[in-house]
Structure formats: C-alpha cells, structure tokens
Amino acid sequence: MDLLLPIRISAALAVIFFILPDKRKLVVPAALTAAISLFIISIYSLFFRDIAMSSRPYFMADNISKAVYFLISFFGAIMAVYSSGFITRKLNRYFAYFFLTIASSLGVVISANWLIFTIFWGISGTALFLMIQLESGANAAAKKTMIILGGSDSLLILGIAIIYYATGTFTIGTAPWSGLAAACLLAAALAKAGGMPLHTWIPGCAEKAPLPVTAFIPAALDKILGIYMMTRLFQIMRFPPEARMAVMIIGAITIICAVFMALKQHNAKKLLAYHAVSQVGYMILGIASGNLLGLIGGFFHMVNNAIYKSALFLGTGQVEKTTGTDRLEKLGGLAKLLPITFTSMLIASFAISGIPPFNGFYSKWLIYQGILGAKTAKDFPLLTMLCLLAALFGSGLTLASFMKLLHAIFLGSSSPAIGRIAPDNREKFSLVFPQITLAAACILLGLFAVNIFIKPVFGSGVLDEIRGSWSPGTASLLMIAGIVIGLLLYWLSGAKTRRAGSFIGGYKVAPEMRVSGVTFYASIENIFPFRQIFKLADKKIFDLYEMTKLGLFYIIGILRYFHTGVLSNYLTWIFAGGIIIFLAL
Amino acid sequence: MERYIYLILLPLGGAFIIAALNAAVKSRDTRDITSDIIANLITLAMAGIALTSFGINGSYSVGGWPVPLGINIAADGFSILMLATVNTIAFCATLYSINYMDQYTSKSHYYSLFLLMLTGMNGVLLSGDLFNLFVFIEIASISSYALVGFGTEAEELEASFKYMVMGGIASTFILLAVAILYSSFGVLNMANISQAISVSSQTPLLKFSLFLFIAAFSIKAAIIPFHAWLPDAHPAAPAPVSAMLSGVLIKTLGIYAMTRIIMNIFAADVSILAPLGIISIMLGVLLALGQTDMKRLFAYHSVSQVGYIILGISLGTPLGILGGLFHLVNHSIFKSLLFLNSGAVAYRLGTRELNEMGGLNKVMPITGGTSFIASLSIAGMPPFNGFFSKLIIILACVQSGHPGFALWAVAGSILTLSSFMKVQKFAFFGKLAEKHKQIKEAPLMMSISVVILAVLCIATSLLVLPKVKNIVLQPAVDAVLSGAGYAKIIR
C-alpha cells in the first residue's frame, strides 16, 4: 500500500463503472462508496506510507506533491457526492471518466519522470473531453477543449525533448535554461490552467458541459495540475529576468482582461468561467515573481481558488437545478429559497474577492508581497509595479462582478418564474453538503493558513518572513468586534428605517417591469474604450484558437484551389518536383 | 528460411485457386463462401508465419540456383518487421471483407486480386534481386489499380485511371533505373550491386538512377508534390482495400523500397528527404483539415503521416530511424482501422459525407469507440501508440540538432488532432439524425476486425519497452543502419 495504490484503484474503478449498466440505484451507491473509500485510502497512504522503493525512479512525492495529492483526493470525494445528486443521465459513463480523471491527476502529481508525467497529463485531457461530451450539444465546446489541451500536449513533448537533449535523462530535475523548452512547457501549463491566451476553451466548456464537470475539472483539477506544473518548471529552470517579466505580464493581462470579460457576462456559469481564468493570473504572478513569498502565495492561491471556485460553481449548479436556468436576468430573490447556497456562495465570493479574513485574502496578500520583492523588481521596476497594480485593481473588479452575481441571483425582487418551483427541487443533502464543506474550508484556511497549510507544506523555516505581516486571528476578532459594535450602535440609537416600493412616476410596478441584477452593470459596456474592445471580443478577435482557424482555412482555400483534379496538372507537379530533387541531389 | 517462400506462394496459389472457382462452382453463394474461407485461411496462416518470424534472418535461393545466377529471397530485420505488419493488416482486411464485400458482385474476383496484391507486397519485402523487386512492385500496383476501380462507377474508374497513369510513370522510372544499374554492373542481385557501388566511383549515371528511384518511390509513397493520385484513389476503393492501400501498400512500395535502395544499396545520404517529409506533413494535414468527405480526409492524412515516417528516416540517426519505423507500424494499424471504420459507416449510412452524419456513437458504439481510439492514436495522444512514435521522432529531431524540424512535427500533430476532433464531432458525437435512429452496429466480422486493430493500437505502445523493442524494432533499425552491410546476408 503506497501512493500508487489509489491510482491503481481508481483506474480499475474507471473500467468497472464503464462496464456497469446505467442503473441509478446501482451506480450511485457504488460510486459514493468507491469515492469515499478511495479518499480514505489516499489519506492513509499519504500520511502513513510513501512511494515504494521499487517505483522510486519513476515516482516521487515531496511536500508540494503531497499537498496537491491530498487536494485532488479531497475534491474527488466532494465532487462524487455532488455529482451523485446532480447528474441524471449516463451515470455509469460519468463515473468511469470521473475515476479516470482522478487516476490520471494523481499520477501527474507524483510522477518523477517526464514521460510518465506526459502520459498521465494527456489522459486527463482526454477524460475531460469525454466528460464534456456527456452533455449532448456540447460537442463543439468539447472539440475546442480537446484541440487546445491536446495541442499543448504536443508542445509539452517538444519541451521534454529539448530538456532530454540537454540533460540526457527524462527524470524531472534541474535543467539548463532554454527559451524554447520553457515556452513549450509554459504553454502546456497555461493551457491546462487556463491562462491567456490559451484560456478560450474554459468559457465554452463552462457554458455547455455538465456543471459538476466544470466545477471539478476546469475550475479545480486543471488549475491544480497546470499550476503544479508551473511551480515545478520554475523550480527546475533558472529563468532570466526578461523571461520572468514576460510571464508576469501574461499573468497581469490575464487578471485584467478576464475580469473585464466576467463583468459583462449575463450567464452565471460563463461569468464564473472568466473568473476562473482571471484568478490564474494571480497564481502566475506569484509563482513567476521568483520570491519565496510569491511562490507560496501563488501555490496557496491555487489551493484556495480550487476551493472557492468550485464552491461557486456548485452553488450555481444548485440554482440551475432549482430554477432551470443560469441566465442572470431571469433570476432574483432566491436567498429565501436557497439559504445555504446563498451563505456558501457569499463566503466564497468574499474569498475570491480577497476580503479578509477569508483564504483568498491571505494568498493574495502573500502574492502582493511576492511581487514587491520580485526578482524582476531591479531590472524592470516600472513593469513590476504595473503588475502589482493590475493585481490590486483586478481584486476590486472581482468584488464588483460578484456583487452583480449575488445580487442578480439571490437578492433583489424575485422574477415571476421563481414562484412556481416545486419543493422537491430545493436544497438536497447531496448538493448542499459539498458546498458547506467548501465554504467551511474557505474560512478555516483563511484563519489557520499557517498551521494547516504553510507550515506542513513549506516547513516552518519560511514562517519568519510571514509572521509579522498578517495575523488573521487578531484581525478577524477586530473585524467581528467592529461589526458587532456597529450593530449595537444601530439598535441602541433607535434609528428609524422604512421600506418603500419603487417610484416610477405614479405607475404601479408590474412584476414584468422588475429591474434585474444585470442592468446596473450594463453601463460598463457602453463607456469609451470598453465598448469597442468588447465588440472586438464578441467577434473573437482575441481568441487565438479562432484566429488561427481563420488563417489556416485561408491557406487551405489556396491549397484546394490547386487541386483541380486535372491529371495533366498533377503530372506537371511530378515533373517539377522531380527536377527540384534532381537539382538538389 | 523456407518459411518465407510460403509468404509469396500461399497468396499466389490462393489467388489462382479462387479465380478458378469462378469456372468450377456455378452457385454464387457457394462460391462466395468458399472464397471467403480460402482467403481468410490463407491470410491467417500468413499472419501467423510473419508474426512468428522475428529474429529469423537469412537468404534463400529459389530452385537451388546460387547467386548471382538464380533468384534469391532475403529477409533481414527490416523486411521481417514489414512482413509482420503487412500480413497482420491483410488478415484484418480479409476478415472485414467477409461482410463488407457482400455489397459488390463477384467477391471471388475481389479476393483473387487482393491476394495478388498481397503476393506483390510480400514479394517486394522479400526480394533480394532488383528486377524481381520491380516485377513484384508491378504485380502489387496493377492489382491495386484494378481494386481501386472495383466499384466500376464513374468516380472509381476516374480515380483508378489517374492512379494507373501516375503509377505507370513511377514504374517506368524504376525500370529505367534498374536498367541503368544492370548496364553498369552486369548483375541484378541487390547485394552484389550494393558491393559494386561501394567500391565504384560516383558517376553521373549512378546519380541519375538514384534520382529515378527517389522520384519513383516518392510517387508510390505519395509524398507531396507526388501525391496527387492518392486522395482520389484511396477513397474510391472499397474500405478494406483503402485500408490496405493507405495502411501498407504505400509503405511497402514506397517507403520500404526507397529506404532499402537509398540506404542499403546506394548507402547514400538521406537528408534530402527531410524537407519533402516536412512539406508532406504540413500540406497534407492542411488539405485534410479542409475535407468533409470522411475517406478523403483520411487519405490526406496518409500523405501527412507518411511525411512523419520520411522525416524520421531522413534524420539518419538510430533514434530517427527507430521513430520512423515505429511510426510506420503504428500508422498502418490506426490508418487501416480508420478506413475500416469509415467503411462501416458507409455500409450502414450509405454516405461518406461528414455533414450527413452525427451522433453515430449511440447506434454504432463499437465503430465509434474504435474510431475514437484510432483518432487519438493518429493525433499522438498518450497512451496510444502514435504518441510514442511521434515522441521518438520529435526527440530524434532535437537530438540530431534540428529543433526546427521538431517544431514542424509538433505543428502537424496539433493540426492532426484538430482534424480528427472534427471527424469525431461531426460523425460520432452530437445529435443523431432522426432518419439514422434505426441503424444497427456493423456486422459481426467487421466489428471483430476493428476491435482487433483497436487493441493493437494500445498493444503496440508496448513496443517502446526495451525488451520488446530489442526483438521487434531494433533489428529493423540495425538493418537499415547497416548500410552496405546488407550485402552480408546473402550466402
């Protein structure tokens, strides 16, 4: 029993579920039992076992790997519970691919050999493709996802080939700097994590794929894998300041552009998807800064992001399950109907916006410090500070767009469609339990980050650098005290309030005239440069995938023009080609 | 050594026996069933012989006439690897034909042509004599011209005609080159010519014959710009024949013969082929991306994938040749699987047009699943066989100091993935059209055949393990690398 055992078990489970008949009564209990026992076995082997000596050259587990390993197993268990309540069709296939995903993700994070790494990496991409395909109508999104992820796998191979050429071994270890190799590996990591410009598969995937798939893979697992790989890349290669700066700029652009795109979405899942892209920017910034604090911050942010982002997606899933839509303008006033979902999404929103004392604040704080002490600060002081500015600014915009989301879904006047919801569509244990767990994790990781995350993973040696800067316990006590005092003042002073309906020139407000949560933000789409930029974005000018496609089909058009089917033309080619070969010989 | 002679005699005899059935058996059903059984038994036996031959090198003089007077057949690691591939694919194709060829009349004619083509290919792989090489190339080519036109519709006949004209040019070139070599050295035995070339000075005449060989085999291997016959011929043929043509024929007549002659007889520099390989990879895959006809799309991918093989071999390093040959084996498996899948779809739907398909996974799960495996293999996704061979080719490009080549190979790989995702999206995933709801899975034998190939797509990944590699691939690489040392196997 070692760390490889859970991988073997979940690979076997994938085969078993593939064969099982699609009977809900059979598959759901089997999947829950399997997922939870898998989690227990993983935890046991994580804390009490290590990698067997026989597989040592190919697999390894340092603290970073172990942290990620734990996280993947944890998400596996949580998501299995949620999926069992959410997915209704093709459950057997769903869980087969689900366990395949877990097996391959676990494999990625403990492999010590680039080849094994690539194999697991590729399988996880294929499993995602198959999972997206489970929803009929998602095949275009699945195709785009697979092309971007699979294409970046090819680049990964090239990167590995260059490293192999330089070091003579496939073992993951220090490698000399090579711009091409770094670019290739970085492209693979960015595609998986969803950094710009390779992020374009995520919004489409979030919109079309079954929701638990989005919450599990693009929002959590693929971020984990992508950022894990990036962490390793920065460990094994010594980046020159220029390259570091370039990566940091990618991070900053990712934060800002994606958050602006998020701001204008009217579709809850797409909004979250753009935030899933935006948050990657923070991780990139932190890791690329080359500062220990930044690295810890970036890595910690990856953990936090996985937690709150999937909490948000799961909440949206609950809303969608209840109301049948995720269009923000059709929703509203759901807080009374779905109190637990509202609370957990509120906590997760605070966490993603970086409000203390939640976990998102802690990691962003570390990232800011990391950027201030970044290795690029000496050569490019201005650009580095711009990156910091982007990070701060992005945080504010994140808060703004989450206020939009929460207001549109849970607050405000309820839309006419909401009244007719059947009671059995309300919060179910299997859908709520994962949300509670994740929201609790947001708070716990925020308050006790040092003890439950930083010290076990990075050792207590790094504590001296952090300790003085932020002490979540005291701060949250002060904050709670402030809120309590404020409430007390409010009650004691006896201030009067009254509620009044909207006044629209004396007319009665009919239900269909209600103001939906999205209208407040419409103005951003009409201000000067944004209007033009959004227009271009709608035409997919910024989508690398679509633009490449356009260019390629232009070339294909030319090539096809020459293939006339006329034999004499073809014979001319043969003689022309022959002459060229003859001259070259 | 005698075992190899059966690889030529069995299909040759089988072809004539089946042809004779036409005259002897009056009832069509009996004739069809008998020819099914005979053809399948023969290909099964041949696959068995070929697959158990690893490591049995040597030469054999037909009729006991010693070299250089008599004809001799020679087998080294390279030919054995090719024989194993060709005969395995041939068995899967004949198994598939049992059901598939019911659509056509005169199954027995089909089988005799098929077996003749197989005779030609095995002959090419075993021939130790240049003139015999030419004769066997002609046997294989002429029977393939007939097989391409087997449907005798306008489209098939046009394709067959174009194929024949261009194939004819290639054959003329080969014959001319053989004549030049014969006039220079007075022998036809490949080993003797190889020895003679290694001690002779480089005359312009020799160079001219090398050029003729390269041009001719480039036509046979469908390397761009010599490829124009392939996108017409391969889709027009019946599916099992397309599988044979794309899977093994272009490799036997094109790549095997070219590699054998350039590397083992002329011992010449092969680096001239690298640009050809890259052009084929890129243009082939781009042309494929624009297709909506399923089989035509696959056919253009053959051009592109042959580019990879050529690129690997042209590096001339052990790793490059290993990658090229490994990719050759893998490509014959997944490409024939893809063509058989397209045949199954056409068999049930009656169309090859991607726009008319959709959601076929729901009604044809075996065809859909195996084609998914094949698509991932050809796109080089782990853990399927194509991943490993592309990995080796890319490694070899970087190792031999050509990272630029590697970049092209990677770009081709991304585009390959894109176009196969297109196939998957249009044909197998998505919404099933109302009129296709009644469709059933392909018949039993067709399904068995594709499942065998799909399993092979995964199983051949194991060839990368050192123990297996040393038995299967390494002898082939050594044989290619030995250059003029090829002459030593003739006793």
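This is a short dialogue on reading a predicted model with chains A and B.

Q: What kind of model is this, and how are its parts numbered?
A: The model is predicted: local features need pLDDT of at least 70, side-chain atom pairs count only at pLDDT 80 or more, and totals for chains, interfaces and linings use all residues. Residues are numbered from 1 along each chain as its sequence is written, and chains are lettered from A and ligands numbered from 1 in the order in which they are written.

Q: How many helices and strands does chain B have?
A: Helices (H or I, at least four residues) and strands (E, at least two) are DSSP runs, numbered from the N terminus. Chain B has 18 helices and two strands.

Q: What radius of gyration does chain B have?
A: The radius is taken over C-alpha atoms, and the globule rule is 2.2 Å times the number of residues to the power 0.38. For 491 residues a compact globule would come near 23 Å; chain B has 21 Å, which agrees. Along its principal axes, the C-alpha trace of chain B spans about 70 × 60 × 45 Å.

Q: How many of the residues in chain B are buried?
A: A residue is buried if 20 or more other C-beta atoms lie within 10 Å of its own, exposed if 12 or fewer, and partly exposed in between; C-beta atoms are placed from the backbone. In chain B, 63% of the 491 residues are buried.

Q: Which residues does B:G14 contact?
A: Two residues are in contact if their C-beta atoms, placed from the backbone, lie within 7 Å. B:G14 sits in helix 1 (residues 3-24) of chain B. B:G14 counts as buried because it has 25 C-beta neighbours inside 10 Å. Setting aside neighbours within four places in sequence, B:G14 contacts B:I38, B:A39, B:I42 and B:L115. B:G14 and B:I42 are 28 residues apart in sequence, yet 7.2 Å apart in space, C-alpha to C-alpha.

Q: How far apart are the ends of helix 2 of chain A?
A: The expected span of a helix is 1.5 Å times one less than its number of residues. Helix 2 of chain A (residues 24-48) has 25 residues, so it should span 36 Å; its end C-alpha atoms are 35 Å apart, which agrees. Its buried residues include A:V27, A:L38 and A:F39. Helix 1 (4-19), helix 3 (63-86) and helix 4 (91-110) of chain A are among the elements covering them.

Q: Where does the largest nonpolar core lie?
A: Nonpolar side chains tend to be buried together in soluble globular proteins. A nonpolar core is a set of buried Ala, Val, Leu, Ile, Met, Phe, Trp, Tyr and Cys residues joined through C-beta atoms within 7 Å. Of the 388 residues in the largest core, A:I224, A:C442, B:I394 and B:A409 touch the most other members. Domain 1 (1-154 + 193-232) and domain 2 (255-460 + 514-542) of chain A both give residues to this core, so it lies between them. Domain bounds come from an automatic or database domain assignment.

Q: Which residues of chain A does B:I394 contact?
A: B:I394 touches A:I157, A:L158 and A:A161. Its contacts beyond four places in sequence also include B:A406, B:A409 and B:V410.

Q: How many residues make the contact between the chains?
A: Chain A gives 41 residues and chain B gives 44 residues. On the side of chain A, the largest share, 16 residues, comes from helix 6 of chain A.
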